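Subject: Structure handover

Hello,

Here is the structure for your files. My notes on it follow below.

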Amino acid sequence: MSVSQSAWIPQQRGEQMLDNAVRYAEERHWDVFPGTWLEAVDGAERCSCADAGCATPGAHPAGPDWANQATGSASTARRLWDERPHASILLPTGRTFDTIDVPESAGFLALARLERMDLPLGPVTCTPDRRMLFFVLPGASLKVPALIRGLGWAPSSLDLATRGEGHYIAAPPTRVGGRGAVQWVRRPTPANRWLPDADELISPLAYACGRETAAARSRQR
């Protein structure tokens, strides 16, 4: 399936949030927890946290104890979103998966190369702030810096980050303020149930990010 064919743009309706949260827990065995949501205030959408300067409106944990609230139970997820039907869907990383986070342009370049090489791929999301997240096996956050150095780059020189234990991501169809919704570029399917290890993807991802860095430097000259 091509990148353009696999993109899916969801809308954030209450029934969709509940159905997707339950599906992630039931079919993928991912832990899920409800975050904040968007509310209409004086004709504008505001985060339910009531902070006018919220950096990720409608897409962050509602409290500090979010890690303990995350559940892999479909029935518990159904109850949580029954109580807060418009809550964002957040997934803790470092449990059943980590993510490798790269700029959208580098992500599409790497994805095309990975598909040509017929390398294993897990789900991939694209965020409204033009980042692409590749799902990989847990532990990526610990090994990726050494893998990047082994390829000849300094980790700090690439716009590539990992999210592992203690972090979370927003899952489709969560909307982030007025910026748009998190989308699946490669949605979860039975074919990608088994996630790749970070070392299977890091070379194309690092190469694509390296090209982005070089191009940015050239534009600044």
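In β9, isoleucine 169 is the bridge partner of leucine 91. Please keep in mind that this is a predicted model.

That bridge belongs to the pairing of β4 with β9, which is antiparallel and has three bridges. β4 also has strand β1 (residues 33–34) as an antiparallel neighbour, joined to β4 by two bridges. There, isoleucine 89 in β4 has proline 34 opposite.

Strand β4 itself covers residues 89–92. Its side chains split into two sets: Ile89 and Leu91 point one way, while Leu90 and Pro92 point the other way. All four residues are buried.

Isoleucine 89 has a further contact, through its backbone. Its backbone nitrogen is reached by the side chain of threonine 174 at 3.0 Å. Threonine 174 lies in the loop that runs between β9 (168–170) and β10 (183–186). The relative accessible area of threonine 174 is 0%, and because the cut-off for buried is under 20%, this loop residue counts as buried.

A separate item is the hairpin of β2 and β3. Strand β2 (residues 38–41) pairs with strand β3 (residues 44–47) in the antiparallel sense, with four bridges. Within that pairing, glutamate 45 in β3 stands opposite alanine 40. Two residues sit between the strands, and aspartate 42 in this hairpin has a positive phi near 55°.

Regards

Note on methods. Residues are numbered from 1 along each chain as its sequence is written. This is a predicted model: local features need pLDDT of at least 70, side-chain atom pairs count only at pLDDT 80 or more; totals for chains, interfaces and linings use all residues. Side-chain values use heavy atoms; hydrogens and water are left out. Buried means under 20% relative accessible area, exposed over 50%, partly exposed in between (1.4 Å probe, protein chains only). A polar contact is a pair of N or O atoms within 3.5 Å; within protein, one must be able to donate a hydrogen and the other to accept it, and residues adjacent in sequence count only if both atoms are side-chain atoms. Two strands pair if DSSP finds at least two bridges between them.
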